[in-house]
Amino acid sequence: MLQELSEQEELRRTKLAELIKLGINPYPAEEFKVNVTAHDIKENYERDKLNYKDIRFAGRLMSVRDMGKAAFAVLQDSTERMQIYIRRDDICPNEDDKVLYDIVWKKLVDLGDIIGIEGYVFTTKTGEISIHATSFKILTKALKPLPVVKTDADGNAFDEVTDPEFRYRQRYVDLIINPKVKKTFEQRTRIMNTIRTFLNDGGALEVDTPVLQSIPGGATARPFLTHHNALDIPLYLRIANELYLKRLIVGGFDWVYEFSRNFRNEGMDRTHNPEFTILEFYVAYRDYYWMMNTTETLLEKIATDLHGKTDVTVGDKTISFAAPFKRITIFDAIKENTGIDVSKMNEEELRAVCKTLHLEIDETMGKAKLIDTIFGEKCEGNYIQPTFITDYPVEMSPLTKKHRTEEGLVERFELMINGKEIANAYSELNDPIDQRERFEEQAALMERGDDEAMFIDYDFLRALEYGMPPTAGIGIGIDRLCMLMCNQPSIQDVLLFPTMRPEAKLTLNEETHS
RNA sequence: GAUUCCGUAGCUCAGCUGGUAGAGCAAUACACUUUUAAUGUAUGGGCCCUGGGUUCGAAUCCCAGCGGGAUCACCA
């Protein structure tokens, strides 16, 4: 790369050359067999001191307090930080040869380098469990200086790196220097593990279905379009996996699930990323009431596994995930929030209601969309505690079974938490003739100018004609669930590598390079 | 996509109504064999995001662009 190096970067390259001149490989190939972690030492040393007399430990050098012929330093391994104590006369027992300490340790080792040590655990005068190093080895030389974040005894961080652009583009650095960030992503994985265990224990089968689809079905959204060269056909990145999971229910699996990475070519903000993860699962012989019970049980378990309690702090609110959750129909929710009963209204009356509520509407909107608008603008944001909103109008739910008793409605619920939709579920429509008609209504909406209407998937209709058992299905937004559970206000903080515009500097260098 | 704020040393940030750059940490040198935001002394380090414009003179004012954040629109 033609990129100019900073003073510190030049210096580190010089040090690298000096190490090599001394016969030290800054990037050794052989394994360094670690036999302990920082976490293990801090947890167990006090009651099992004999076991920590002969240890091998490795980590990244985070700070050094040099005192002449001895030094304290902090190494960070994958678990946490550990203080080490290193003395010249331990490292260099030979009186005539102090090079390893005076030159290598003091001059050529930098913050950010990865080193391995041998030694024993002890407790310092001030009471900190530390490792007394008897030897050390450079395992990886770092050529870029690491931003240094200092933390005092009370845990206050100084000069913490907060620049979002730096943190998201160079997440690897963010993870090194901001332990809280690392913790969030460990929590994300724990949440997914809890879900997997819950579903597997219930008898579910985890499956993989196509990401490349010729018909982007199962949801309404603008897809990403790509092209397959060998077949010479357009392919879409999936916007949902719903129709494939239902094909598997047809195929005879009674409970399937998938953490589906979905792609939607739409706006980005702090709750939307072009690629995001939805957990979908489908269960034969169940209905949406069963699904509500299961969902609240699952969420309660996630909260308690993660926090040891059902109350979770989210911003300035406390959200209780203790089951059962409140249940209310969408019409009652609108009545509760606006005082207006829209349940018997036709399209014209609904338009009038929207006008009195000062909501922006246009001519392409049908009855369902008008109701959805009223709910979205006037109700959604008010449901902070977990609430199931149920029984939606049939027009806005083309894949949902009609309600068993209520004319014009479907057996569907959305789970609202902190004013946002977290999950969407229904008793799945399994009547192939009804499904065909619903698809055709969607096609008509598309004609009318609704660019969010669904494509018709004829293979899915064929599958339904073979017979899908009565089935309950749900999609849970994993990223948003993690935002709640980890108290993160932005989706970018629960995605390791959020989508970003490419860095101009780097692409330029790439061009000059080739 | 619209509005708005931001972009200065490796990092966190100052830099007023225009007079060609500062601090802390990090780095370098020296001292120090139980420190912990270690300490003390000294030193080096800048395409002030990019390109135009105004001006005798721009980090600073104006315009355009690039990148990021926030809010709104669309959506999950």
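This dialogue discusses a predicted model of a protein chain with an RNA strand.

Colleague: Which overall figures describe chain A, beginning with its helices and strands?

Modeller: Chain A has 16 helices and 20 strands. Along the principal axes, its C-alpha atoms fill a box of roughly 95 × 55 × 50 Å. The exposed area of chain A is about 26400 Å², and carbon and sulfur atoms supply 50% of that area.

Colleague: How many of the residues of chain A count as buried?

Modeller: A residue is called buried when its relative accessible area is under 20%. By that criterion, 46% of the 514 residues of chain A are buried.

Colleague: What share of the contacts in chain A between residues at least 6 apart in sequence join residues at least 24 apart?

Modeller: Within that set of contacts, the share is 64%.

Colleague: Which residues of the largest nonpolar core touch the most other members?

Modeller: In soluble globular proteins, nonpolar side chains tend to be buried together. Here the largest nonpolar core holds 46 residues, and Ile-195, Phe-281 and Phe-321 touch the most other members. Helix α9 (residues 288-307) gives this core its largest share, nine residues. Apart from this core lies another, of 30 residues, which includes Ile-41, Leu-75, Ile-91 and Ile-115.

Colleague: Which residues does Phe-321 touch, not counting residues up to four places away in sequence?

Modeller: A contact requires heavy atoms within 4.5 Å. On that basis, the residues that Phe-321 touches include Leu-299, Glu-300 and Ala-303, as well as Pro-386, Ile-417, Leu-484 and Met-485. Thr-310 and Val-312 are also among them.

Colleague: How many residues surround RNA strand B, and which are the closest?

Modeller: A residue is near a strand if one of its heavy atoms lies within 4 Å of it. There are 56 residues around RNA strand B, the closest being Asp-89, Thr-126, Glu-165, His-272 and Arg-501. Of the atoms of RNA strand B that come within 4 Å of the protein, sugar and phosphate account for 59%. The surface near the strand comprises 27 charged, 16 nonpolar and 13 polar residues.

Colleague: Which atoms of RNA strand B lie 3.0 Å, 3.3 Å and 2.8 Å from Gln-8, Gly-68 and Lys-150?

Modeller: For Gln-8, a polar side-chain atom lies 3.0 Å from a base nitrogen of RNA strand B. For Gly-68, a polar backbone atom is 3.3 Å from a base nitrogen. For Lys-150, an N or O atom of the side chain is 2.8 Å from a phosphate oxygen. Among the elements that give two or more residues to the surface near RNA strand B are α1 (7-21), β1 (55-66), β2 (70-76) and β6 (150-151).

Key:
Residues are numbered from 1 along each chain as its sequence is written. Chains are lettered from A and ligands numbered from 1 in the order in which they are written. This is a predicted model: local features need pLDDT of at least 70, side-chain atom pairs count only at pLDDT 80 or more; totals for chains, interfaces and linings use all residues. Side-chain values use heavy atoms; hydrogens and water are left out. A polar contact is a pair of N or O atoms within 3.5 Å; within protein, one must be able to donate a hydrogen and the other to accept it, and residues adjacent in sequence count only if both atoms are side-chain atoms. Helices (H or I, at least four residues) and strands (E, at least two) are DSSP runs, numbered from the N terminus. Ala, Val, Leu, Ile, Met, Phe, Trp, Tyr, Cys and Pro count as nonpolar, Asp, Glu, Lys and Arg as charged, and the others, Gly among them, as polar. Buried means under 20% relative accessible area, exposed over 50%, partly exposed in between (1.4 Å probe, protein chains only). Accessible areas come from the Shrake-Rupley method with a 1.4 Å probe; for residues, only the protein chains shown count as cover. A nonpolar core is a set of buried Ala, Val, Leu, Ile, Met, Phe, Trp, Tyr and Cys residues joined through side-chain atoms within 4.5 Å.
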